[in-house]
Amino acid sequence: MVFSELASRLNDVGYKNWMKAGYCLLKLRNGLKELVSVEMSVFHQNLIKQNTVLRAGCIGGCKPRGKQFHPNCSVCREWRNEILSHHTNRNGEINWGNCRPWLWSSEHWEVAKAYMPRGSADIQGPDKCDAAALLNLIGFCDHFRFVSQQKVREILSSDWAVVLSGRDDVDGIPNMSNEDEAVQISTMEIELLKEKLQEILLDEQDVLCEEDISRIGKFRCFLEGSKDLGSHFHAAIQRLLNLEQKKEHKHQRSNSNDIEAEKHTEDEKSEDPPRKKQKNSV
């Protein structure tokens, strides 16, 4: 296999550092998966043991929508209250849409998803989570008080954007003669880029600003800039392009509406005010 393009990317200092940081996140995720699974199971069992109402399943066909959840039954209302009582940011936004409330009484992972970022609805366990999702769970569920919350916040607040510094590594292009090692590095790179792609596509339903559109465009151009990545992510590149065009069209239409509204306001101001009738002198 030929890895010349991968070697060239790794010759960029910024990209190599991004890959190193990503490697650390993958290792962190692998280390957290079992811990999180075991602890959430314990947390779930404790909730049901302490509150017998939670043992029953949903009886009202309750379904959340995005960040809104208005339970139809007493069981789901009790579950909602319990989840909120253990949330470290009770006044913050909770992605109820991640959850299937009718499974809260039987599956601990459905409870865990209430503390995770948007887009976690289809994730059936910690094995499918990235490090950020697991860290959000640890940071927002008070069952994990034994974990340093300061460290969790530091990692979550870091910028993990793909970086191309334009500066060559002083060590030169990495040696890709060992095919086994090259395959491992290539596999890791693809996995990291897939996670970044998933993060960007979660914004598909949001109203994006110009900065967001620019960020999507830069990532797409990065993928297109390498033949190997362009081939592997062909469908994703087209999806990103469609997303850019869709959001750009909405942004232009919004700006056009703003201009029309402003023009209409100016036209109203420019009209002569009605003249007051003068009183006839006697």
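**Figure 1. Trp 109 and the residues it touches in this predicted model.** Leaving aside residues up to four places away in sequence, Trp 109 is in contact with Val 36, Met 116, Ile 123, Gln 124, Gly 125, Pro 126, Cys 129, Leu 134 and Leu 137. Two of the residues in this view, Trp 109 and Leu 137, have the most contacts inside the largest nonpolar core, which counts 34 residues. At least two residues of that core come from each of α2 (13-50), α3 (74-85), α4 (108-112) and α5 (131-140). The top contributor is α2, with six residues.

**Figure 2. A second core, apart from the one around Trp 109.** Here we have 25 residues, including Phe 3, Leu 10, Leu 201 and Leu 240. Leu 201 also shows up among the buried residues of helix α7, so have a look at the next close-up too.

**Figure 3. Helix α7, residues 179-201, end to end.** How far apart are the end C-alpha atoms of α7? They sit 32 Å apart, and because 23 residues at 1.5 Å a residue should span 33 Å, the model agrees with expectation. Plenty of side chains to pick out here: Ala 182, Met 188, Glu 189, Ile 190, Leu 192, Leu 193, Lys 196, Leu 197, Ile 200 and Leu 201 are buried. Note that Glu 189 and Lys 196 are on that buried list as well. As for the spacing, an α-helix has 3.6 residues a turn, so residues three or four places apart point the same way.

**Figure 4. His 232 meets Ile 190 and Lys 194.** His 232 belongs to helix α9 (residues 227-232). Is His 232 buried or partly exposed? It counts as partly exposed, because its relative accessibility is 45%. Setting aside residues up to four places away in sequence, His 232 touches Ile 190 and Lys 194. Between the C-alpha atoms of His 232 and Ile 190 there are 8.7 Å, although 42 residues separate the two along the chain.

**Figure 5. Tyr 15 and Phe 222, a tilted aromatic pair.** A pair of aromatic rings is described by the distance of the centres and the angle of the planes. For Tyr 15 and Phe 222, that comes to 5.4 Å centre to centre and 45° between the planes. Tyr 15 is in helix α2 and Phe 222 in helix α8 (residues 210-224), so the pair links parts of the chain 207 residues apart. Both rings belong to buried residues: Tyr 15 has a relative accessible area of 0%, and Phe 222 has 10%.

**Figure 6. A cluster of rings: Phe 69, Trp 79, Trp 96 and Trp 104.** Ring pairs link these four residues. Across the structure, the count of aromatic pairs is seven.

**Figure 7. Confidence, from α4 to the end of the chain.** The mean pLDDT of the protein is 82, with 77% of its residues at 70 or more. Which helix has the lowest confidence, and which the highest? Helix α10 (residues 234-270) is lowest with a mean of 69, while α4 is highest at 95. Along residues 276-282 the pLDDT drops below 50, and this stretch makes zero contacts in the model beyond near neighbours in sequence. Where pLDDT is low, the predicted coordinates should not be read in detail.

**Figure 8. Pulling back to the whole protein.** There are 10 helices and zero strands. Of the 282 residues, 38% are buried. Among contacts with a separation of 6 or more, 67% join residues 24 or more positions apart.

Definitions and conventions: Residues numbered from 1 in each chain as written. Predicted model: local features only at pLDDT ≥ 70, side-chain atom pairs only at ≥ 80, totals over all residues. Heavy atoms only, no water. Core = buried A, V, L, I, M, F, W, Y, C linked by side-chain atoms within 4.5 Å. Buried < 20%, exposed > 50% of the residue type's maximum accessible area, 1.4 Å probe, protein only. Helix = DSSP H or I, 4+ residues; strand = E, 2+ residues; numbered from the N terminus. Contact = heavy atoms within 4.5 Å. Expected span 1.5 Å × (residues − 1). pLDDT = per-residue confidence, 0-100. Phe/Tyr/Trp six-rings, centres within 6.5 Å; stacked < 30°, edge-to-face > 60°.
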